[in-house]
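Reader: I would like a close look at one part of this model, namely the places where helices pack against each other. Please also cover the backbone details that go with the loops and strands.

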Amino acid sequence: MSAPNKSYDPVEVEALKPEEIERLRDEALAAFEAAADLAALQEAKVAHTGDRSPLSLANREIGALPPQAKKEAGQRVGQARGAVNKALAERRAVLEAERDARVLTEEAVDVTLPFDRAPRGARHPLTTLSERLGDIFTAMGYAVAEGPEVEAEWLNFDALNMGPDHPARSTQDTFFLKDATGHSTDGVVLRTHTSGVQIRSMLAASEPPIYVICPGRVFRSDELDATHTPVFSQIELLAVDEGLTMADLKGTLDHMVVSLFGEGMKTRLRPNYFPFTEPSAEMDMVCFNCRGESVGNPDRPCRTCSSEGWIELGGCGMVNPRVLIACGIDPNRYSGFAFGFGIERLLMFRHNVEDMRDIVEGDVRFTLPFGMEI
Amino acid sequence: MRVPLSWLREYVDLPAGESGRDLADKLVRAGLEVETVEQLGGDLKGPLVVGKVLAIEELTGFKKPIRYCQVDVGDANGTGEPQNIVCGARNFAVGDKVVVVLPGAVLPGPFPISARQTYGHTSEGMICSARELGMGDEHDGIIVLPAEFTPGTDAIELLELVDEVLDIAVTADRGYCLSVRGVAREAAIAYDLPLSDPALLDVPPANSYGPLVKVEDPAGCDRFVARGVVGIEPTALSPLWLQRRIQKAGMRPISLAVDITNYVMLELGQPLHAYDRSRIDGAITVRRARAGEKLRTLDGVERTLDVEDLLICDNSGPIGLAGVMGGAGTEIATAVEDPETGRVSGTTEVVVEAAHFDPVAIARSVRRHKLPSEAAKRFERGVDPEAGKAAAQRAVDLLVLVAGGTAEAGVTDIAAPHPVHSITIAADHPDRVAGQEYGRETVVRRLQEVGCTVVGGDVLVVTPPSWRPDLTDPNDLAEEVIRLEGYAELPSTLPTPPAGKGLTEAQRLRRRTGLALAGAGYVEVLNYPFIGETVLDAFGLDADDPRRETVKLANPISDEEPSLRTTLLPGLLAALRRNVGRGATDVALFEQGLAFRVDGTDPGTLFKAPRLPVDRRPTDEEIAQLDAALPRQPRRVATVLAGNREPDGWWGKGRAATWADAVESARTVAAAAGVELTVRQDQHAPWHPGRCAALYVGETLVGHAGELHPRTVKALHLPERTCAMELDVELLTADGSGHVEGPRISGFPVATQDVALVVDAAVPAAEVESALRAGAGPLLESLRLFDVYTGEQIGADKKSLAYALRFRAPDRTLTADEASGAREAAIAEAVARTGASLRG
């Protein structure tokens, strides 16, 4: 700041006249307003607020005024400079907003472009459906038990009350095995069901309670066609405890179909025969699609259940006490129930799959839509 | 078992309007698996009448011989005039009685019949064959009826063309339901109606002058009833009603004597055999076969017998495979007319056998000779041992009634002592099995309904009827009560298992692996575990490679793939090829599953599983023997990929799948398992010898990954540069895994240093990296290879590896000297271990 100028010379302070100050201010405001972009604004800023700008120069002159005039001129110049700076800031804000808008517009892209650069994978629906069932039962306290696919005949048949001459044994379409040199094997087969795992679970437990489910692949010498496959997936359940009843079996099945298909679902048992259960039953579930409303109702046919109202699910029953004995469990103290069914069939009717071959052939177009869970 | 409703109604007086479907519903609820209810003659509409052929004019000049006939149909055509009918069949003569369908009628199909112009004549209807009437499809010719019927008689009723037939899949325990008698019993219970038991016949007591029978094996044959009938008219035919019942039950009428034995078997469930007595030499003997004995069975096949086979013999040797099939030598002879004398010869004397054989012996003979029969099916499932007397009597009665025979007074009935088997149960045992209260009264009533004798109060002593050999255990009785009370009535309760522990670590890992690989873009497939030799050849496996040592199927689905997989790759590669064949270009697949390996097993125990008893728990040693008989079944995971790993797109070129992706898929699996995988260069079929990584956890080889050998790719018709990975999940996790120590996170600044090292091209990057890590010491936070360079600047057979090293201390800001010191130490170690030099 320059020192007070004691030799006051009115001529030299022409610039501090009020009209002049107003003019300079208006010029500045007009220049800012006229600036079309930030660069122009920057030029106008230097011209009107820079060290060499008239207003700055005028400001410098204030010190030369007599004390009386100094105050008045100071106020005048200060107000003008304030207005100029405010206008500058306002204009800058406007221009910056314009610039930003323009740049962002220029940077816009087509966000609908596909970006399938990292292809998605998927898990097989048989795997995920089996897991889904497993989760229903593990939530109830069951364990998931597994066993070998090449299994001892004693575990696959004999211990299940299917002795060598049992008529049911010859109906199982068993794959028999030979060793690497082509000699037949003794007492070893590809398992025809996962029931051997039930036996293993009972043999492994020192004492009931035993609550297990046994998912796994099983083998029957059927040709592959639209509804059959020689290799398929099963899930079996076994519960052995004190006082278990057929009503418990029924309740467990009901719980399962409700968990899978929603409230209101239920099951139905029909008497049947299996060597390993006594009493034995075939289990059906209400058609989850029509809920039975297609029965006798030709206007509303149901493809899922062929308008039968029920869908056949699998076999079940109370564990035959002979099976318990073969596993060292006292049938006078303990009873058990078991059931089993095929996952392929469940997958087919739950997801309207028409051809078994689609499930087994490994075409990615079949599997991908099922994603990670089912 | 096919049960005509009309036949069943003879024994149970079902309500008049009750349909086959109504009955089927009730039987299903009682546990009979009624598969279909066939409506016979459902769309049949008359007039269908008996006609008498008056004249036949043979028409010529057509492709086949055609007859133009005049047939008397009585008043059925409204005029009484003969009906003119064109017919292509030739198995009838003037005077024969035939079945005529008149215009306006509808035959099964439905085929409406009208008068029509054909072969130059108007045919006013048709002369019918059995097939056209829906009676069966065994005969091509038209039906020739017995002479006694009057022209114009309604043939729909005469031939019992309208009926319903229940087809029941009889389970192995319900042998008694392989008879109309057994199904009628279930129907009677279901409708709470009395049963007229067709086995309740007057049977004369056994005496000493019946047909000569010797039972040398009472264990195999505990009952043998034999009766003789003489004076049978060899030309007698089975009456229509009998033929029709046999047809509806699914069997074929053959000859009178055979039809009668079949009829009685269908009616009572007791298989019978009729021998031509003139062809039996001496006593009928039941014994086991002798080594080398042969028998020509009725089907004309000569069979070499096994010493376990139970036989019917006479002095000449075997004359029948007991309970399975008779021999050709004693077969009932068809009537043959001597063209010169006009005398008819044929069987006139018959011995009827109604025996009871050991189910196991019969089942084994059936399996041994692959000779299932209607008789054997029943014996295997258990025949009522008390039914023999009645069945023989029934057959004798019919031979007398319809074949003009005379029953002999002799009755042979050889019975081994049959212990009465009773079961003791608590009266509330069915309640406790069901979880529902029936009460003693209901339990007793239901057991009596199925034919049991029941005595006792709170404890019941139950003696099952002779036709229910399946009722042996308390739960068998419980099932009878529960099924008759209705499975539908069972309440629904939930047991309370003890608190569970969830999935095992191995099961959780399997899910994580699946999720991780699917997340990385792989699609899961589940392949059949069947493989063939050719794929192992295509893999280029050495002759002694353990993967060639396969477990084989004795009865494979395809002879091309008779073995169980020793590796997952054949199935995965086939699935890859299938996808590519269907137009996919970029394919990445994975599978988790078992392989079957013989290597590493004990040949002394492999495939030699003991047959253990089932009346007790096997010992731990015995269980171990079972397990020692099994091949190893390691759980493996594998990936295959071909085409682009990242596709071409608007962003630019895609990235081809390479060996590195295969190795990375192994790392993905290892990361899911929480173990660190180390990779070493290897040469291992079927991988490319220069692009094969051996995968290690610690010092354990767990699998391989890389690009496949070009020869394998070519032999299996795979896309070029197909890559694959396979590892053994159990080996991967053998050391235990998954425990993570929480890292201490340092907030002090990082010091980054780059290092470029030149090494021989053959030096694996992994070795350089581990040397750098070892040398850098604990201050090293991370290390990353960011560039690999080969080229003139560094000389031939060399490569330059550029690493970014990040150093950080947990407790202080590192000085420049400290960071450089750690870097120098890292370099020094790499120089020492790998001969690296710092790139200038």
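Author: What follows takes the helix pairs one at a time and then turns to single residues. The model is predicted.

I begin with chain B, at helix α5 (residues 240–248) and helix α6 (residues 256–268). Two packed helices are described by the angle between their axes and the distance between the axes. For α5(B) and α6(B) the angle is about 55° and the axes are 10 Å apart. The two helices are therefore oblique to each other, and α5(B) passes α6(B) in a left-handed crossing. On the α5(B) side the contact is made by B:W241, B:L242, B:R245 and B:I246. The α6(B) side supplies B:D259, B:I260, B:Y263 and B:L266. Sorted by class, the residues of this contact are 6 nonpolar, no polar and 2 charged.

An α-helix has 3.6 residues a turn, so residues three or four places apart point the same way. That is the background for reading the contact lists in this answer.

How much of α5(B) is buried? Of its 9 residues 7 are buried, so α5(B) is largely enclosed by the rest of the structure. The buried residues are B:L240, B:L242, B:R244, B:R245, B:I246, B:Q247 and B:K248. B:L242, B:R245 and B:I246 are thus buried and also take part in the contact with α6(B). After α5(B) comes B:G250, which has a positive phi, near 95°.

A second pair in chain B is helix α7 (residues 359–369) with helix α8 (residues 374–381). Their axes come within 7 Å and cross at roughly 140°. That angle makes α7(B) oblique to α8(B), since only angles over 145 degrees count as roughly antiparallel. The crossing of α7(B) and α8(B) is left-handed. From α7(B), the contact has B:P359, B:I362, B:A363 and B:V366. Facing them from α8(B) are B:A376, B:F379 and B:E380. This contact comprises 6 nonpolar residues, no polar ones and 1 charged.

Chain A offers a pair on the other side of that cut-off, made of helix α3 (residues 54–61) and helix α4 (residues 67–106). These two pack at an angle of about 155°, with their axes 10 Å apart. They are therefore roughly antiparallel to each other. Here too the crossing, of α3(A) past α4(A), is left-handed. A:L55, A:S56 and A:N59 in α3(A) touch A:V77, A:A80, A:R81 and A:V84 in α4(A). The classes in this contact are 4 nonpolar, 2 polar and 1 charged.

For the wider setting of chain A, the domain assignment gives domain 1 (12–106) and domain 2 (125–370). The centres of the two domains, taken over C-alpha atoms, are separated by 89 Å.

Next come the backbone details of chain A. A:P208 and A:P209 are joined by a cis peptide bond, with omega about 5°. A:P209 sits in the loop between α7 (195–204) and β5 (210–219). Another cis peptide bond runs from A:E278 to A:P279, with omega near -5°. A:P279 belongs to strand β8 (residues 277–286). In the loop between β8 and β9 (310–319) lies A:S306. A:S306 is not a glycine, yet its phi is positive, about 50°. With a relative accessible area of 57%, A:S306 is exposed.

Chain B has a residue of this kind in B:E160, whose phi is positive at about 45° although B:E160 is not a glycine. B:E160 is in the loop between α3 (155–158) and β13 (163–169) of chain B. Its relative accessibility is 24%, and B:E160 therefore counts as partly exposed.

The last residue is B:Q436, in the loop between α10 (429–434) and α11 (440–449) of chain B. B:Q436 counts as partly exposed, at 23% relative accessibility. Setting aside neighbours within four places in sequence, B:Q436 is in contact with B:D431, B:E489, B:L490 and B:P491. B:S492 is 56 residues from B:Q436 along the chain, and their C-alpha atoms are separated by 10.0 Å.

Key:
Residues are numbered from 1 along each chain as its sequence is written. Chains are lettered from A and ligands numbered from 1 in the order in which they are written. This is a predicted model: local features need pLDDT of at least 70, side-chain atom pairs count only at pLDDT 80 or more; totals for chains, interfaces and linings use all residues. Side-chain values use heavy atoms; hydrogens and water are left out. Axes are lines fitted to C-alpha atoms, for helices over the stretch in contact, and angles run from 0 to 180 degrees between N-to-C directions. Helices (H or I, at least four residues) and strands (E, at least two) are DSSP runs, numbered from the N terminus. Angles under 35 degrees count as roughly parallel, over 145 as roughly antiparallel, 65 to 115 as roughly perpendicular and the rest as oblique. A crossing is left-handed if the near helix is turned anticlockwise from the far one by less than a right angle, and right-handed if clockwise. Contact means heavy atoms within 4.5 Å. Ala, Val, Leu, Ile, Met, Phe, Trp, Tyr, Cys and Pro count as nonpolar, Asp, Glu, Lys and Arg as charged, and the others, Gly among them, as polar. Buried means under 20% relative accessible area, exposed over 50%, partly exposed in between (1.4 Å probe, protein chains only). Domain bounds come from an automatic or database domain assignment.
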